[in-house]
Amino acid sequence: MKNYRALIWVLAIVGWVALLAAPATADEMDGKQLFLKKRCQSCHTVAVAEISVDEEEAKEPEGDDELQPPDLSAAGLHFERDVLIRFLQKKERRDGRLHKKRFVGKKADLEVLVDWLMTMQEETAEPQSD
Ligand code: HEC
């Protein structure tokens, strides 16, 4: 009987620790976590959020005319929220071009991600040209 009670305690503690350590589900992720999970940083830096390009994944542009993915520190200044959502779904062109990569995942996650991107309003974080 004593052992049984001890077992209950152990299970309770293990369960509690597991709950605390459980990784956030997609529903609980914030925009920055989604950005990283969707590997956006394989192309984009976000200087204001201290996200740098993932060196292991970064690909060399294929040709000279290949577009360099911009730093997204000012993304919120360049788009309306709904336009950005469609842009990332490749339903909206900008300067006649579609985005390189279509967002794959739940619409709710895309909205969380875009809401976070809309807070990126730091025009001077990285000069676009000189
Ligand atoms: C394969 C490389 C690649 C990946 C992966 C990628 N992008 Fe891009 N992205 C680009 C390129 C290239 C442009 C520039 C497109 C243009 O100007 O037409 C761009 C442009 C953008 C812009 C417009 C920036 C601005 O202010 O002008 C946003 C916002 C953006 N991407 C968000 C994202 C998000 C969010 C993800 C992850 C879900 C992502 N991108 C993944 C290559 C990529």
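Helices (H or I, at least four residues) and strands (E, at least two) are DSSP runs, numbered from the N terminus. We're working with a predicted model, where local features need pLDDT of at least 70, side-chain atom pairs count only at pLDDT 80 or more, and totals for chains, interfaces and linings use all residues. Residues are numbered from 1 along each chain as its sequence is written.

**Exercise 1. Work out how many helices and strands the chain has, and which element has the lowest mean pLDDT.**

Step 1. Count the elements: there are five helices and zero strands. Going along the sequence, you get the pattern α-α-α-α-α.

Step 2. Now bring in pLDDT, the predictor's confidence in each residue, from 0 to 100. The chain averages 85, and 81% of the residues score at least 70.

Step 3. Look at the elements: helix α1 (residues 2–21) has the lowest mean pLDDT, 74, while α4 has the highest, 98.

**Exercise 2. Find the buried residues of α4 and explain why they line one face of the helix.**

Step 1. Fix the cut-offs. A residue is buried if 20 or more other C-beta atoms lie within 10 Å of its own, exposed if 12 or fewer, and partly exposed in between, with C-beta atoms placed from the backbone. Of the 130 residues of the chain, 16% count as buried.

Step 2. Pick out the buried ones in α4: Leu84, Ile85, Phe87 and Leu88.

Step 3. Look down the helix axis. The buried residues of α4 fall within an arc of 160° (the arc of the directions from the helix axis to the C-beta atoms), so they line one face of the helix.

Step 4. Ask what covers them. The cover includes α5.

Step 5. Try a residue of α4 with another label: Val83 sits in this helix, and it is partly exposed because it has 14 other C-beta atoms within 10 Å. Its C-alpha atom is 10.0 Å from that of Val114, 31 residues apart along the chain.

**Exercise 3. Describe the largest nonpolar core and name the elements that give two or more residues to it.**

Step 1. Here's the term: a nonpolar core is a set of buried Ala, Val, Leu, Ile, Met, Phe, Trp, Tyr and Cys residues joined through C-beta atoms within 7 Å. In soluble globular proteins, nonpolar side chains tend to be buried together.

Step 2. The largest one has 17 residues, and those with the most contacts inside it are Leu84, Leu113, Val114, Leu117 and Met120.

Step 3. The elements giving two or more residues to this core are α2 (31–37), α4 (81–88) and α5 (107–117).

Step 4. Zoom in on α5. Its buried residues are Val112, Leu113, Val114 and Leu117, and what covers them includes α2, α3 and α4.

Step 5. Follow one residue. Two residues are in contact if their C-beta atoms, placed from the backbone, lie within 7 Å. Leaving out residues up to four places away in sequence, Val114 touches Arg81, Leu84, Ile85 and Leu88.

**Exercise 4. Describe the shell around the ligand: how many residues, from which helices, of which classes?**

Step 1. A residue is near a molecule if its C-beta atom, placed from the backbone, lies within 6 Å of it. The ligand is surrounded by 24 residues, the closest being Cys40, Cys43, Pro69, His78 and Lys100.

Step 2. At least two residues of the shell come from each of α3 (75–78), α4 and α5.

Step 3. Sort by class. Ala, Val, Leu, Ile, Met, Phe, Trp, Tyr, Cys and Pro count as nonpolar, Asp, Glu, Lys and Arg as charged, and the others, Gly among them, as polar. That gives 14 nonpolar, four polar and six charged residues.

**Exercise 5. Locate Arg39 and Asp95, and say what sign phi has in each.**

Step 1. Most residues other than glycine have a negative phi.

Step 2. Arg39 lies in the loop between α2 and α3, and its phi is near 60°, a positive value. With 12 C-beta neighbours inside 10 Å, Arg39 counts as exposed.

Step 3. Asp95 belongs to the loop between α4 and α5; its phi is positive too, about 50°. Asp95 is exposed because it has 5 other C-beta atoms within 10 Å.

**Exercise 6. Which residues does Glu122 touch beyond four places in sequence?**

Step 1. Place Glu122: it is in the segment after α5.

Step 2. Its contacts, not counting residues up to four places away, are Val48, Ser73 and Ala74.
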